[in-house]
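Explain how the cysteine link in this model is placed, and what surrounds it.

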Amino acid sequence: MAELKVRTRETGATAVVGRTGFPHVTSVTGGELDIVTSPSQPGYGPLDLLYASLASCLVLSARIAASRFGVLDRLTEVSAKVTGEKAHDEPSRVARFDIEFSISGDFDDTVRHAIAEAAENEICTVSNTLRGNPTFTSRLSE
């Protein structure tokens, strides 16, 4: 019997900031991004990145769902708009995520709903992680 080996892509990011200035984020895959700190500045802030991560995971997961349902060839476009509401009490956190899917293609609303539900509740790693209770392991390097 052959052994099944699953290869996963290494992921992660490092953020650095000095006494002044803006955080600079580098991914293990070589991506770089400067983070803004004011809502009036153009660019991505930490919450924007959270919403963007969820939105991008959802649209990719919807495409996977369409493939699983055998309708990928009829899919035209998927978009997911993600917003949220911060909690009014402590600790600081997002209390609610609002997701608006738009799924275009040659299929009915039943299939659209099935694609959105599978994407959000079964396939998307980000939504599954946010719904779960992940463990945080922190350490202080020397």
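**The disulfide and two serines**

The side chain of Ser127 comes within reach of the backbone oxygen of Cys124, at 3.2 Å. This is a predicted model, and the distances here are computed from it. Ser127 belongs to helix H3, which spans residues 125-131. A polar atom of the Ser127 side chain also lies 2.6 Å from the backbone oxygen of Glu120. The relative accessibility of Ser127 is 4%, so this serine counts as buried, the cut-off being under 20%. Apart from neighbours within four places in sequence, Ser127 is in contact with Leu54, Leu58, Ala119 and Glu120.

Cys124, whose backbone oxygen Ser127 reaches, is also a partner in a disulfide with Cys57. The structure holds 1 disulfide. The two sulfur atoms are 2.4 Å apart, and the link is right-handed, with 140 degrees about the S-S bond. Cys57 sits in helix H1, whereas Cys124 is in the loop between helix H2 (109-123) and H3; the pair therefore ties together parts that are 67 residues apart in sequence. Both ends of the link are buried: Cys124 has a relative accessible area of 0%, and Cys57 has a relative accessibility of 15%.

A serine of helix H1 (residues 46-68), Ser61, is the next residue to consider. Ser61 is buried, with a relative accessible area of 4%. Leaving out residues up to four places away in sequence, Ser61 touches Ala119, Ile123 and Cys124. Ala119 is thus listed among the contacts of Ser61 and among those of Ser127.

Key: Residues numbered from 1 in each chain as written. Predicted model: local features only at pLDDT ≥ 70, side-chain atom pairs only at ≥ 80, totals over all residues. Heavy atoms only, no water. Helix = DSSP H or I, 4+ residues; strand = E, 2+ residues; numbered from the N terminus. Buried < 20%, exposed > 50% of the residue type's maximum accessible area, 1.4 Å probe, protein only. Polar contact = N/O pair within 3.5 Å; in protein donor to acceptor, adjacent residues only side chain to side chain. Contact = heavy atoms within 4.5 Å. Disulfide = S-S within 2.5 Å.
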